[in-house]
Amino acid sequence: MNDQPDERYLRLALQQAQAAAEAGEVPVGALIVADGRVLAAAHNERETLRDPTAHAEMIAITQAAEALGAWRLEGCTLYVTLEPCPMCAGAIVQARIPRVVYGAADPKAGAVDSLYQLLTDDRLNHRVEVTAGLMGEECGRVLSEFFRARRLKK
């Protein structure tokens, strides 16, 4: 697959991550695309909504399901700036999303490659094609800068 559209969509997810940072949220952004159409664009909103499940991916999945009028997100690609956690990876499998592209690895909570490999586990009823590390440095830098600034404020 040509990386150019992937990069374009991941850049849009990075814009969502920046919006999260500006709102005081951990800067993770997600986009769901089908047939060249953006169905969902979201960022973390755990602090804003006081909801532990308000990760960018979870919000984007809900938006995309609403846009399609279906819970099966077949034919969609999820773009996210950070490797999904176990909760989000589980939701990706449940939504039947066929492809995920993520930027930065998450060595502390990643459930795609780092700690677990939920999206490609043969024991599950759905497996996902994964493109890992696209624009990883840039996506990781947004997170590093956010946490560095937060530490300096303390």
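Is Phe146 buried or exposed in this structure? In the predicted model, Phe146 has a relative accessible area of 12% and is therefore buried, since the threshold for that class is under 20%. The aromatic pairs, the nonpolar core, the annotated positions and the charged contacts are described in turn below.

The structure holds 2 aromatic pairs. In one of them, the ring centres of Tyr9 and Tyr79 lie 5.3 Å apart with an angle of 45° between the planes, so that the arrangement is classed as tilted. Tyr9 belongs to helix H1 (residues 3-22) and Tyr79 to strand S3 (residues 76-82), and the pair therefore ties together parts of the chain that are 70 residues apart in sequence. Both partners are assigned to the buried class, Tyr9 at 7% relative accessibility and Tyr79 at 3%. Phe146 and Phe147 form an aromatic pair with edge-to-face geometry, in which the centres are 5.2 Å apart and the planes meet at 80°. Whereas Phe146 is buried, Phe147 counts as partly exposed at 31% relative accessibility. The ring of Tyr9 has a further partner in Arg8, whose charged end sits over that ring at 4.8 Å from its centre.

In soluble globular proteins, nonpolar side chains tend to be buried together. In the present model the largest nonpolar core comprises 47 residues, of which Ile32, Ile61, Leu73, Ile92, Ile97 and Leu119 touch the most other members. Two or more residues are given to this core by each of H1, strand S1 (29-34), strand S2 (37-43), helix H3 (56-68), S3, H4, strand S4 (99-104) and H5. Ile92, located in helix H4 (residues 86-94), is buried with a relative accessible area of 0%. When neighbours within four places in sequence are set aside, the contacts of Ile92 are Ile61, Leu78, Pro84, Ile97, Val100, Leu119, His126 and Val128. Under the corresponding exclusion of residues up to four places away, Leu119 touches Ala89, Ile92, Val93, Val100, Ala111, Val112, His126, Arg127, Val128 and Val130. The C-alpha atoms of Ile92 and Ser144, by contrast, are separated by 26 Å, the two residues being 52 apart along the chain.

According to an unreviewed UniProt entry, residues 4-131 are covered by the annotation "domain: CMP/dCMP-type deaminase". Over this range the chain is 35% helix and 23% strand, and the C-alpha atoms at its ends are 13 Å apart. The unreviewed entry also lists His55, Cys85 and Cys88 under "binding site". These residues span 34 positions in sequence, yet no two of their C-alpha atoms are more than 9.3 Å apart, so they gather at one spot. His55 is placed in the loop between helix H2 (46-49) and H3 and counts as buried at 14% relative accessibility. Apart from neighbours within four places in sequence, His55 is in contact with Asn44, Arg46, Cys85, Met87 and Cys88. Cys88, situated in helix H4, is buried with a relative accessible area of 0%, and its contacts, not counting residues up to four places away in sequence, are His55, Glu57 and Met58.

Side chains of opposite charge can pair when their charged atoms come close. The count of salt bridges in the model comes to 6. Among them, Glu7 and Arg11 meet with an N to O distance of 3.6 Å; being 4 residues apart in helix H1, the two are separated by about one helical turn. Glu7 is partly exposed at 32% relative accessible area, as is Arg11 at 37%. A salt bridge also joins the side chains of Glu129 and Arg99, at 3.3 Å from N to O. Glu129 lies in strand S5 (residues 129-132) and Arg99 in strand S4, so the pair ties together parts that are 30 residues apart in sequence. Within this pair Glu129 counts as partly exposed at 47% relative accessibility, whereas Arg99 counts as buried at 6%. Arg99 and Glu129 are moreover linked with Asp6 in a network of salt bridges. Arg127 and Asp122 likewise meet in a salt bridge, with 3.7 Å from N to O; Arg127 is partly exposed at 40%, while Asp122 is exposed at 66%.

Arg151 lies in helix H5 (residues 136-153) and counts as exposed at 57% relative accessibility. The C-alpha atoms of Arg151 and Arg123 are 41 Å apart in space, with the two positions 28 residues apart in sequence numbering.

Technical notes: Residues numbered from 1 in each chain as written. Heavy atoms only, no water. Buried < 20%, exposed > 50% of the residue type's maximum accessible area, 1.4 Å probe, protein only. UniProt positions renumbered as here; feature names shortened; annotations may be inferred. Contact = heavy atoms within 4.5 Å. Phe/Tyr/Trp six-rings, centres within 6.5 Å; stacked < 30°, edge-to-face > 60°. Lys NZ or Arg CZ within 6 Å of the ring centre and 35° of its normal. Core = buried A, V, L, I, M, F, W, Y, C linked by side-chain atoms within 4.5 Å. Salt bridge = Lys/Arg side-chain N within 4 Å of Asp/Glu carboxyl O.
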